[in-house]
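Hello,

Here is the structure we talked about, for you to open alongside this message. My notes on it follow below.

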Amino acid sequence: MAKEFRAPSKDVVQKIWQEFGLNEQRVKEAVEALKKWLAMEPHLPEESGSLHEARIERWLIRCKNSMERTKQSIDLYYTLKSLSPEIMCDWDPRSKRFQDTAQTFCWFPMPELTPEGDRVIVIKFLTKDAINYTHEDIAKLVLMANEARMCEEYCFSDIYVYDLENYTLGHASRLTFTTTKKGIVCLMDALNTRLKAFHIINAPSYAEVLIWMIKAVLNPKVISRIFVHGKDLTNFRKEVPQMCLPDDLGGTGGSLQENWDLWLKKIDSYRDWFKRHENFKSDESKRQGGALNSDDLFGFNGSFKELTVD
């Protein structure tokens, strides 16, 4: 049976703080400094409350206690909400579009950390039917699921497991490079996901386009951590602990559907926050140095440009 996603233990938090030279006092000081910086940036929104502070703390951890990187990630996040509303806005887990997509595709963290303190993320098309979703809806679902993590998660890095058992030519035909690029930039740069390994399993030959799109947006260091497996999962199962995999993939963590159902409840619990958070985005008309647009961020050739922060 699948377990509920639990808040991190004090031991896990202390271990991660120690890894990045932090303690309770230093975390508090860093969060306060980042809140002051946010208040001084006229183009960034004014958020408040314990959840806001928790998310800033996670940003700091994901950026390995680098204030400069944390500022860049936060600025990029709010900028993408302004410039990419097709995937960063209209987040209602009870909408028909979300419900249809959630019947088609899943993205969720397994409840148990690996012995090294990493989190396994399971990704899969739940059906061979490629009709009841758009690529933008999938990107939106993934980002909503990751936002819930951002409010509660503590781990060193992520291990992605992308199961392509149900991936068909119909799915491949609906892919768009622009949406893939924007979604990955949001995950990897705005939310600063640290990826330890990316296992693509049960990959058919026609998954090459999908894999190319993923690699085209990532830097060489992350690309070197992508491992493509066919139907033989022997080596894959040596890399990921059984307790961190659903039963469907040879693990002991409960069924994939049970885990996804639990995480959908988690996403739904943030519905009111998603609605309030809809208006928290950059106001590019107030950005010092001039407003940004999509070309400024991604460039003509699609490469991501880092923001300069004060």
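**Helix H4**

Of the 17 residues of H4, 13 are buried, so this helix is largely enclosed by the rest of the structure. Please keep in mind that this is a predicted model. H4 covers residues 67-83, and at 1.5 Å a residue it should span 24 Å. Its end C-alpha atoms are 24 Å apart, so the expected span and the one in the model agree.

**Cavities**

The structure holds 3 cavities of 30 Å³ or more. I looked at the largest and the second largest.

The largest cavity contains about 460 Å³ of space. Its lining is made up of 27 residues, and those nearest its centre are Val142, Tyr162, Thr180, Ile184 and Ile214. By class, 21 of the lining residues are nonpolar, 5 are polar and 1 is charged.

Which elements supply at least two residues each to that lining? The strands that do so are E1 (105-109), E2 (119-125), E3 (158-163) and E4 (195-201). The helices are H7 (135-152), H9 (177-190) and H10 (208-217). H9 gives the most, with 6 residues.

The second largest cavity has about 140 Å³ of space and a lining of 13 residues. Nearest its centre lie Arg62, Glu153, Cys155, Phe156 and Arg194. Here the lining divides into 4 nonpolar, 3 polar and 6 charged residues. Helix H3 (residues 50-62) gives the most to this lining, with 3 residues.

**Asp158**

One residue that I followed up individually is Asp158, which sits in strand E3. Is Asp158 buried or exposed? Its relative accessibility is 3%, and buried means under 20%, so Asp158 counts as buried.

What does the side chain of Asp158 make a polar contact with? The partner is the side chain of Arg149, at 2.8 Å. Arg149 also appears in the list of residues in contact with Asp158 once its neighbours within four places in sequence are left aside. The others in that list are Arg119, Ile121, Thr193, Arg194, Leu195, Lys196 and Ala197. Arg194 links this list to the cavities, as a residue in contact with Asp158 that is also among those nearest the centre of the second largest cavity. Strand E3, where Asp158 is placed, is one of the elements that supply at least two residues to the lining of the largest cavity.

Regards

Note on methods. Residues are numbered from 1 along each chain as its sequence is written. This is a predicted model: local features need pLDDT of at least 70, side-chain atom pairs count only at pLDDT 80 or more; totals for chains, interfaces and linings use all residues. Side-chain values use heavy atoms; hydrogens and water are left out. On a 1 Å grid over the protein atoms alone, a cavity is a set of points where a 1.4 Å probe fits but cannot get out, and a pocket is an open set with protein on both sides within 12 Å along at least five of seven lines; lining residues have an atom within 4 Å of a point. Grid points are joined across faces, edges and corners, and a volume is the space filled by probe spheres set on the points. Helices (H or I, at least four residues) and strands (E, at least two) are DSSP runs, numbered from the N terminus. Ala, Val, Leu, Ile, Met, Phe, Trp, Tyr, Cys and Pro count as nonpolar, Asp, Glu, Lys and Arg as charged, and the others, Gly among them, as polar. The expected span of a helix is 1.5 Å times one less than its number of residues. Buried means under 20% relative accessible area, exposed over 50%, partly exposed in between (1.4 Å probe, protein chains only). A polar contact is a pair of N or O atoms within 3.5 Å; within protein, one must be able to donate a hydrogen and the other to accept it, and residues adjacent in sequence count only if both atoms are side-chain atoms. Contact means heavy atoms within 4.5 Å.
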